[in-house]
Amino acid sequence: MPTVVLMDVSLSMTRPVSLDGSEEFQRKNLAVHGLNMLFEHMASNYRLEFTALMAFSSLWELLVPFTRDYNALQEALSSLEDYDKTCIEAALNGVNNVVQQEWGSGCPCQVVLVTDGSLGIGKGSLRHSLQTLKHRGEDKKFPLPFPFPTKLYILCIANSEELQMTDAMDNLEHLLCLSGGDGQIFTMEGPLCMKSVQTMFGRLIDHAYSPFHAVLHCGNLSSDVQVFPRPEPMVVDEEVEPMPRVVSTDVDEVGAAATDELEDEPSATQMAGKSPNFCVLLHGSLKVEGMVALVQLGPEWYGMLYSQADSKKKSNLMMSLFEPGSEPLPWLGKISYLGPVSEAAENPYGEDDSKSPFPVQPPAKRSYAQNVTVWIKASGLQADVQKILRNARKLPDKTQTFYKELNRMRKAALAFGFLELLKGVADLLERECTLLPDSAHPDAAFQLSHAAQQLKLASTGDSQYADFDHNIAPMHTDFSTSVSSTRR
Amino acid sequence: MKMFSVAHKTVFVVDHCPYMAESSRQQVECDVLTKSRAQGVIPLAPVSKSLWTCAVECSMEYCRILYDVYPKDKLVNYIVSDSEFHILNSWRRGDQSTHELMSALAAVGPPNPCEDPECCSILHGLVAAVESLCKITELQHEKRTALMDTAERVANRGRIICLTNAKSDTHVRMLEDCIQETILDQNKLAAGSDRLMGIQQCELVLVHIYPQGEDTLVSDRPKKEISPLLTSEVHSVRAGRHLASKLNILVQQHFDLASTTITNIPMKPTLNVCEQEEQHANTSANYDVELLHHRDAHLEFFKSGDLHMAGTSTRENSFKETVTLKWCTPRTNNIELHYCTGAYRISPTDVNSRPSSCLTNFLLNGRSVLLEQPRKSGSKVISHMLSSHGGEIFLHVLNSNRSTLEDPPSISEGCGGRVTDYRITDFGEFMRENRLTPVAESSHDPSGKVPVERAKAQLERYTRYWPMIISQTTIFNMQAVVPLANLIVKETLTEEDVLTCQKTVYNLVDMERKNDPLPISTVGSRGKGPKRDEQYRIMWNELETLVKTHAGATDRHQRVLDCIIACRSKPPEEEERKKRGRKREDREDRAEKNGSKEMEDKSWQDSERLKGLLEKGEQDAEVIKDSPDSPEPLNKKPRLMVDEVQPPERAKGPVSLLSLWTNRITAANSRKHQEFVGRVSSVNNKFELYQHLKEENGMDVHENGKASR
């Protein structure tokens, strides 16, 4: 989940913080101190996060585009300049542009807004933006909620008493609510000083930037792993299951079977990697065998592990999470009903790995796989009738196909209550019978008039002849075998 | 969509009154005469569908699309109404298919125009529909049972789609009032029943159908709330294609569907997508096919406002929106698939048209098609892929933006990344043995465990002793051990299995007698590595460790362990003789064997240490230099184990001249100096060095030197 740090560089951020005795600080200095702490934490514990740094006042500027280079971010912090007034709406529009350009609208993002809680005055102030929310045209809509899923963290270089003296707190809460409610407002506790700003950023780090450690088990083999990005809790159905499901930190490998979100990184600290680690073994074998391993992440929540290589020969163990549920991939069937091959009477993969029990076929075929009859468009009906006639002209060679098509048409006509069609096709078949050339096989005439008669009977709607499951069978004639052989 | 939104239950109520037998007055020419045959033949008069036929085929089309996209738990109950109601199916999952419904519709047949119109009413069906909505579905039952005390979270909502020919707006209002009253009545009934559920929300969609060329007597009306329980909307539509496109729009609205048109599908010459039939199709025309699917497959377009760019077109006659995506010639390279973010079932709008069936057959035969977003700038962006799994076609969404997963660290940078002699091939074999396969839900296992738990139990058994690197194991590098190693992990053994295991053990004994070399790793030690008998000692220890982890399972497992213990212990005399014989051969050998009893003590420590290694992953640096093909590392001999003083038991036997002499000298010498602390407090003449380290690290350090290569 990429992070955008949105730093307020308006003039009010230069307000001095009164400290007894020691040297004088600006609020900006406190903010920079806190952000430095955040970046240092990320550089060592959360280094795969992409972070961008934006500064804003009445205008906004992208100081550092999305990067994992935390030195660059810290450098940019050290050279911030001071500008005019706070205009949060414009800055949020900026965030929207920057994120969508880089990641599109499907990628969840975290926005860390650092401000002093003086939210501008007059036009462009947050108060003004919120007051005019409802009177806007399509082209000037407020940027929140963003099209991408957002976690908004507002860090105030101010304490809550100060914010509550004005309507600043109310406005910030409104802002958080507009963004979808996912996030938090952090304020400073006690006097504004280095220590309290550290505490505040520490709370943000604990809440949003703590690495996700887990243990991967495969029977008695196991390995400590760090998962990045952090798997987020998920609400499956807010009505039936209103509690979010959380990925358990004890991950069970279920077994091997035959792409998308998570990267599973064996605790990649600077420690020398000299002792054997199960993850590396698993990765190596998955890669060599071209297999994936199924993992259980919690009750009825599964995912898969596989080796993924980038173009630079670096490969790595990835974990993709499936949607929570007992049957996340229809072609695997219910996961709880996957059992060990050793129990099967015969190896379903074949002795030479030439077969596979997957994909599991669904109990019913989809419409496009079962030759359904649809006559909504006239062309559909015409095509079916023509197909019957084409085969009728090739009797008796096409007897089987002729009756198959005829019966398909008959079934549909009966279901749709389209008896007029049965009569019409019966007439057509009788006409075909009269048009048969002299050279025609005698069986053709018999079959045509038999089929026409059967259709006519069905078209009466009489239940005796109009049974849906009944099929018109070819008429048994002596020609079927004997005549055709004598002719030859 | 919530699990129990109104979309969970849909009741179709179709008017079967005599009026519905009237013609829609839309004529279909089904006798298309070819030019060569046209002479002298009178073409068949065009046929026309009745209002009933129009209603039935459009409702079937609605169900077809619904079942294609949601094969499970979006349920339809089909009711026909004339002088009474006829319920054609139930909410049961087994009843949910168009084939079932068509069969039931055929049994009902078309409306009888001679029936007395006064007796017939759509109301019978509507009342039955409300009653049916109160009936519990399988999913509702399952969830209520599963949730137990929070069963009230399972909601009961539903939709009634009524296809009828209404008389007037007043008539419509009367129908609405009647439904409202029935809901109240039924809810009272349901409150006192376990098998019924009160209706919390009902959505009435009334479709008034009238013949072509007539004026409608009923006006369209958008959704309005009749009561907190009931909303109602009215659509007034001419029969025929207008009705078809209305129901197509409704099914999209009701089930969150969206439309994608695949454009530029090359049909004949190059790709041979469509091989058979139609001989006249020798043109290379490009075709379009429209597909419906869940609208989340377009999420990226909707959100980014890219819809227009992606080629939305409002097509003539159909008043609906579709996103156009361009067919990309299939390639074998499927690297793009890594960032697939979702897969959605599809249903073709025009299922049996030739372009549609060509595309779907192509996909069902196992091919995939990448789809490109047409952009004015000319840059090519692949945004989707069509592919089938198990006979179902899915539209896959591919991430076309930058991915946050780019440039991940290599696994070799992490823990254990620099170890090079992992048993990769063996673990591959292990994975193949532990592969999964679907098990029929009906099959019953006596253990009462679901199959996936049995798979996990098997993993547990197979990994009780599983060294991860080649240099940590001897037995798994030996072909001779394979039969036993494969069998011992089984849950139960047959007599024959036990025999095979015993044979394996005897074979090993034989190897030892013949002094066959063992694949003990020699890495990290100077010289030739351990002596042959030391090698066998290590091998037996490891084998014993493996079998011990399973010995508790059954008596037969225990018998295999017993066999090993019995076979490996040898009379000390023989050991001694062997040792001495070899001593002469190798003068530099300063190490000596312990008696067999001590050896067993040590072997236990050894295996404990091996286990410790597995868990803690303590390892020496030399391993890094190895490739899996290099000679296996060897266990360095522990100097501590050198047997300088005879163990007490041995002293009881016949005393040799050497030991007599040694004992005397030792006794004399000991008087001249203070004894070492270690020797004084030794047990069996052994004293563990660096005990403080053990305390600090919590592991057995004194053998570390020998241990870990």
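This passage describes one helix and the aromatic contacts of a predicted model.

Helix α7 of chain A covers residues 194-208. Its 15 residues reach 21 Å from the first C-alpha to the last, close to the 21 Å expected at 1.5 Å a residue. Several positions in α7(A) are buried, among them Val197(A), Met200(A), Phe201(A), Leu204(A) and Ile205(A). Ser196(A), Gly202(A) and Ala208(A) are buried as well. The buried residues of this helix pack against α1 (27-45) of chain A. They also pack against three strands of that chain: β6 (109-115), β7 (150-159) and β8 (183-188).

Aromatic pairs number 22 over all chains. One of them joins Phe427(B) and Trp466(B) in an edge-to-face arrangement. The ring centres lie 5.3 Å apart, with 85° between the planes. This pair links distant parts of the chain, 39 residues apart. Phe427(B) belongs to helix α9 (residues 424-433) of chain B, while Trp466(B) lies in the loop between α10 (451-462) and α11 (482-488). Both Phe427(B) and Trp466(B) are buried. Tyr465(B) and Phe476(B) form a stacked pair, at 6.0 Å centre to centre and 25° between the planes. Both residues sit in the loop between α10 and α11 of chain B, 11 residues apart. Tyr465(B) is buried, with a relative accessible area of 2%.

Ring pairs also build a cluster. Its members are Phe278(A), Phe427(B), Phe430(B), Tyr462(B) and Trp466(B).

Charged side chains meet rings too. The charged end of Arg402(B) sits over the ring of Phe50(A), 4.6 Å from the ring centre. In chain A, the charged end of Lys411(A) sits over the ring of Phe468(A), 5.3 Å from its centre.

Notes. Residues are numbered from 1 along each chain as its sequence is written. Chains are lettered from A and ligands numbered from 1 in the order in which they are written. This is a predicted model: local features need pLDDT of at least 70, side-chain atom pairs count only at pLDDT 80 or more; totals for chains, interfaces and linings use all residues. Side-chain values use heavy atoms; hydrogens and water are left out. Helices (H or I, at least four residues) and strands (E, at least two) are DSSP runs, numbered from the N terminus. The expected span of a helix is 1.5 Å times one less than its number of residues. Buried means under 20% relative accessible area, exposed over 50%, partly exposed in between (1.4 Å probe, protein chains only). Contact means heavy atoms within 4.5 Å. Rings of Phe, Tyr and Trp (its six-membered ring) pair if their centres lie within 6.5 Å; planes under 30 degrees apart count as stacked, over 60 as edge-to-face and the rest as tilted. A charge sits over a ring if NZ of Lys or CZ of Arg is within 6 Å of the ring centre and within 35 degrees of the ring normal.
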